[in-house]
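Here is a friendly walk through one protein model, for someone meeting it for the very first time. Have a look at the sequence and the structure, then read on.

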Amino acid sequence: MLHNIFLLFVGLLSLEHVSFAEVPSSQIVNITETREYAERMQNFTRTTFEHLEKVRNRSIRVARSCKDLRDRYDEREDGVYYLTTGNGMLYQTYCDMTTAGGGWTLVASVHENSVYGRCTVGDRWSSQQGNNADLPDGDGNWSNRNTFGTVESATADDFKNPGYYDITAEDMSVWHIPNNFPLEFWNMEAAAVLRYHTENRFLRLYGGNLFQLFKQYPVRYNVGSYGHRGPAIPIVYDHGDKESTRMLYGPSSRNEFEPGFITFRAINNERATMAICSGVKPTVGYNTEHYCIGGGGYFHPDQCGDFPSFDYDRLGREQGWSASREMTEAAVLLFYR
């Protein structure tokens with residue numbers, strides 16, 4: 001029974017993957033029809049005590065990052081591991097041990113629980129306190145030590161673990177995974193809307209993590225004028241390319257950015273600030289609320305939220321500023337290495 005329910009769930013998720021913007025049908029994959037899915041589903045339903053013991057015994061490893069686990073203990077399997085902070089706190093997270101040599105630590109996910117909400121409960125990466133110019137930082141989670149969520153629900157809710165501020169890293173990896181997709185299947189290529197990583201060690205210039213980077217580039221309303229963005233870093237694609245990235249956003253947005261980058265701290269025409277522009281670099285126009293995520297505490301009244309204005313022309317219209325359904329209904333997973 002559980003097996004059938006899970007098949008139905010993933011099948012429905014695949015059928016939901018129709019674009020609101022103009023994403024080519026060749027990008028839409030019914031994951032339940034792949035051989036890899038069938039094999040993994042079989043293994044998933046035959047979990048043994050030996051496997052559970054193996055996973056549980058990972059807690060005896062002492063490592064501060066997934067890279068440490070790879071380098072010190074030769075761990076090579078994707079999945080959930082235990083890490084220890086510099087203060088001795090033990091926590092669980094997901095390690096990607098295969099992409100570009102592996103060693104990637106999941107430190108956060110940005111999940112939009114309702115594109116129709118406007119800085120309401122659940123908008124932890126912008127503001128849960130309403131759209132308020134008197135609270136320019138919003139919840140401030142881009143540059144504080146708050147943690148929330150669990151690794152297993154990182155595609156169903158916002159997630160932030162101690163690694164976000166504790167790990168000193170050099171590069172980032174970003175996965176866009178459909179909402180509510182089970183952790184056991186995250187690393188299937190067919191599951192990803194978009195996946196990429198950096199390889200120029202840019203984080204060394206900004207304190208080694210996003211916590212420090214956003215201290216230098218605050219995600220705060222009215223912190224600067226439009227166009228005063230932070231660093232834009234070239235990316236290497238693991239799933240997707242420049243053209244498919246461009247098509248994931250609305251037709252009007254495509255005139256304002258260059259794909260092939262990850263950009264930090266973008267400011268729009270109304271002086272609202274967004275934290276990350278995933279896969280793109282704003283170049284003209286600066287209506288970044290339609291293609292950048294996260295933010296401070298105040299936006300234009302028609303915006304505000306973790307995905308501030310991805311639904312500007314309302315979901316279902318194949319025109320204007322609205323991002324694709326693939327992008328809007330996917331969590332953004334952030335990794336360090």
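Right after helix α4 comes D74, and its phi is positive, near 55 degrees. This is a predicted model, by the way, so read everything here in that light.

Stay with α4 for a moment. The helix runs over residues 66-73, and its buried residues are C66, L69 and R70. They span an arc of only 95 degrees around the axis, so they sit on the same side of α4. What lies over them? The cover includes the strands β1 (79-84), β2 (90-96) and β3.

Time to zoom out. The protein has 337 residues, and 55% of them count as buried. Its secondary structure adds up to eight helices and 13 strands. Take the contacts with a separation of 6 or more: 65% of them are between residues 24 or more positions apart. As for the outside, the protein exposes about 14,200 Å², with carbon and sulfur atoms supplying 47% of that area.

Now pick out strand β5, residues 172-178. How many of its seven residues are buried? Seven of the seven, so to speak a full house. In a regular strand, side chains alternate between the two faces of the sheet. In β5, M172, V174, H176 and P178 are on one side, S173, W175 and I177 are on the other, and all of these are buried.

β5 also has strand partners. It pairs with β13 (residues 330-336) in the antiparallel sense, over seven bridges, and there I177 has A331 as its bridge partner. β5 and β6 (residues 194-197) run antiparallel too, joined by four bridges. In that pairing, W175 is matched with R195 of β6.

The W175 and R195 pair turns up again in the side chains, where the charged end of R195 sits over the ring of W175. K281 does a similar thing with F261. Here are both arrangements:

| Charged residue | Ring below it | Distance from ring centre |
|---|---|---|
| R195 | W175 | 4.0 Å |
| K281 | F261 | 4.2 Å |

Rings meet other rings as well: the structure holds 20 aromatic pairs. Take W125 and F148, whose ring centres are 5.5 Å apart and whose planes stand at 70 degrees, so the pair is edge-to-face. Both residues belong to the loop between β3 (104-110) and β4 (159-160), yet they are 23 residues apart, and the pair links distant parts of the chain. Are these two buried or exposed? W125 is buried, with a relative accessible area of 0%. F148 is buried too, at 14%. They also have company, as W125, W142, F148, Y164, F202, F214 and F264 form one aromatic cluster.

One last stop is D311. Where does D311 sit? Its place is in the loop between β12 (280-282) and α8 (325-328). D311 is buried, with a relative accessible area of 0%. And which residues does it touch, if you leave aside its neighbours within four places in sequence? D311 is in contact with V115, Y116, R118 and S322.

Note on methods
Residues numbered from 1 in each chain as written. Predicted model: local features only at pLDDT ≥ 70, side-chain atom pairs only at ≥ 80, totals over all residues. Heavy atoms only, no water. Helix = DSSP H or I, 4+ residues; strand = E, 2+ residues; numbered from the N terminus. Buried < 20%, exposed > 50% of the residue type's maximum accessible area, 1.4 Å probe, protein only. Contact = heavy atoms within 4.5 Å. Areas by Shrake-Rupley, 256 points an atom, 1.4 Å probe, with all protein chains shown as cover. Phe/Tyr/Trp six-rings, centres within 6.5 Å; stacked < 30°, edge-to-face > 60°. Lys NZ or Arg CZ within 6 Å of the ring centre and 35° of its normal. Pairing = 2+ DSSP bridges. Arc of directions from axis to C-beta.
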